[in-house]
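Colleague: I've got a model open here and I'd like to talk it through with you. Can we start with the ligand and work outwards?

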Amino acid sequence: MTEDLDALYKQMAQSIIDGESELAVELAKKSIELNLHPLDTITKGFVVGVNYIGDQFGAGEAFLPELVMAGEAMKAAVAVLEPELLKLGEAREMMGKVVLATVEGDIHEIGKTLVGTMLSASGFEVTDLGVDQSADKIIGKAIEIDAQIIGMSALLTTTMVRQREVIEELDKEGLRPRIKVMVGGAPISKDWATKIKADGYSEDAVGAVKLAKELVGKADQ
Ligand code: B12
């Protein structure tokens with residue numbers, strides 16, 4: 001059984017590497033039939049593939065069309081699994097309001113959306129603004145809905161500086177510490193979060209939920 005499972009995870013990774021959206025969707029559905037944990041399916045299966053193609057691209061051994069197709073396949077697979085992730089959360093008290101966005105100039109959305117789904121499943125009310133969002137839009141929405149947390153994703157070394165801009169703007173307007181800021185994305189580190197004075201950083205969606213709970217003072221729930 002474990003060997004079968006390993007083979008299935010490998011097939012999932014390969015479907016992303018090959019940019020085979022239909023196959024990725026089929027495999028995601030199969031994982032649900034097999035009652036696999038959706039987060040395992042994502043992290044042990046599909047993410048392995050998208051990371052591989054990302055590394056290949058970084059090394060000049062894969063090109064933009066392959067990156068785009070892998071991204072599409074990844075998005076399609078995660079979309080099948082999102083309702084399953086939401087089902088994992090039980091109804092409970094509202095934990096807090098989060099405005100989530102990928103920063104301006106950056107269109108990577110898969111990780112940000114996954115973080116949003118996990119936060120929703122854990123009782124947070126999430127307003128996902130989507131990708132390529134300016135500081136003004138992010139802060140404006142947070143004020144409008146009286147959010148406790150702003151979560152920002154950045155996947156490019158050229159766009160991670162935008163996270164700092166949002167924090168500086170919040171400081172200037174005297175909106176901290178009322179609005180806490182958490183940051184994430186592949187190039188983001190704890191050091192970066194400290195440097196830009198974010199309230200927290202997490203390297204994955206499970207950690208993002210833990211962090212968000214800490215930021216609203218509900219770490220024990
Ligand atoms: C898929 C992909 C794309 C897709 C995105 C599709 C989509 N709809 O999102 C497409 C093809 C569009 C794309 C485009 C580009 N990409 Co791209 N892409 C990737 C790739 C392979 C995977 C990203 C991904 O989805 N990972 C899977 C998810 C689940 O992981 P994640 O995003 O890291 O998110 C997790 C954590 O980071 C964290 N997290 C994320 N957000 C947040 C937020 C908060 C608040 C918290 C707490 C946590 C958190 O939790 C998530 C879940 O566990 C990465 C390589 C990589 N390994 O990261 C390159 C990569 C990020 N891309 C790269 C590049 C260069 C580009 C392009 C500039 C290419 C080009 N020449 O046009 C463009 C940029 C366009 C733009 N302006 O944004 C480079 C960046 C290099 C750099 N140092 O800046 C990378 C690293 C590839 C490489 N090795 O060169 N890309």
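**Around the ligand and between the domains**

Modeller: Sure. Keep in mind that this is a predicted model. The ligand is surrounded by 42 residues, and the closest are G54, G58, G71, G111 and G184.

Colleague: Which element gives the largest share of the shell around the ligand?

Modeller: The elements that give two or more residues to that shell are α3 (38-58), α4, α5, β3 (149-153), β4 (180-184) and α9 (205-215). By class, the shell has 22 nonpolar, 13 polar and seven charged residues. With eight residues, the largest share comes from α3.

Colleague: And where does the ligand lie relative to domain 1 and domain 2?

Modeller: The domain assignment gives domain 1 as 2-88 and domain 2 as 96-215. Their centres, taken over C-alpha atoms, are 25 Å apart. Both domains give residues to the shell around the ligand, so the ligand lies between them.

Colleague: What about helices α4 and α5: are they roughly parallel or roughly antiparallel?

Modeller: α4 (residues 64-88) and α5 (residues 110-121) have axes that come within 9 Å and cross at roughly 10°. Angles under 35 degrees count as roughly parallel. That makes α4, relative to α5, roughly parallel.

Colleague: How many residues of the contact of α4 with α5 are nonpolar?

Modeller: On the α4 side you'll find M74, K75, V78, E82, L85, L86 and L88, meeting I110, L114, T117, M118, S120 and A121 in α5. Two residues of that contact are polar and two are charged, and the nonpolar ones number nine.

Methods: Residues numbered from 1 in each chain as written. Predicted model: local features only at pLDDT ≥ 70, side-chain atom pairs only at ≥ 80, totals over all residues. Domains from an automatic or database assignment. Axes fitted to C-alpha atoms, helices over the stretch in contact; angles between N-to-C directions. Helix = DSSP H or I, 4+ residues; strand = E, 2+ residues; numbered from the N terminus. Parallel < 35°, antiparallel > 145°, perpendicular 65-115°, else oblique. Contact = placed C-beta atoms within 7 Å. Nonpolar A, V, L, I, M, F, W, Y, C, P; charged D, E, K, R; others polar. Near = placed C-beta within 6 Å.
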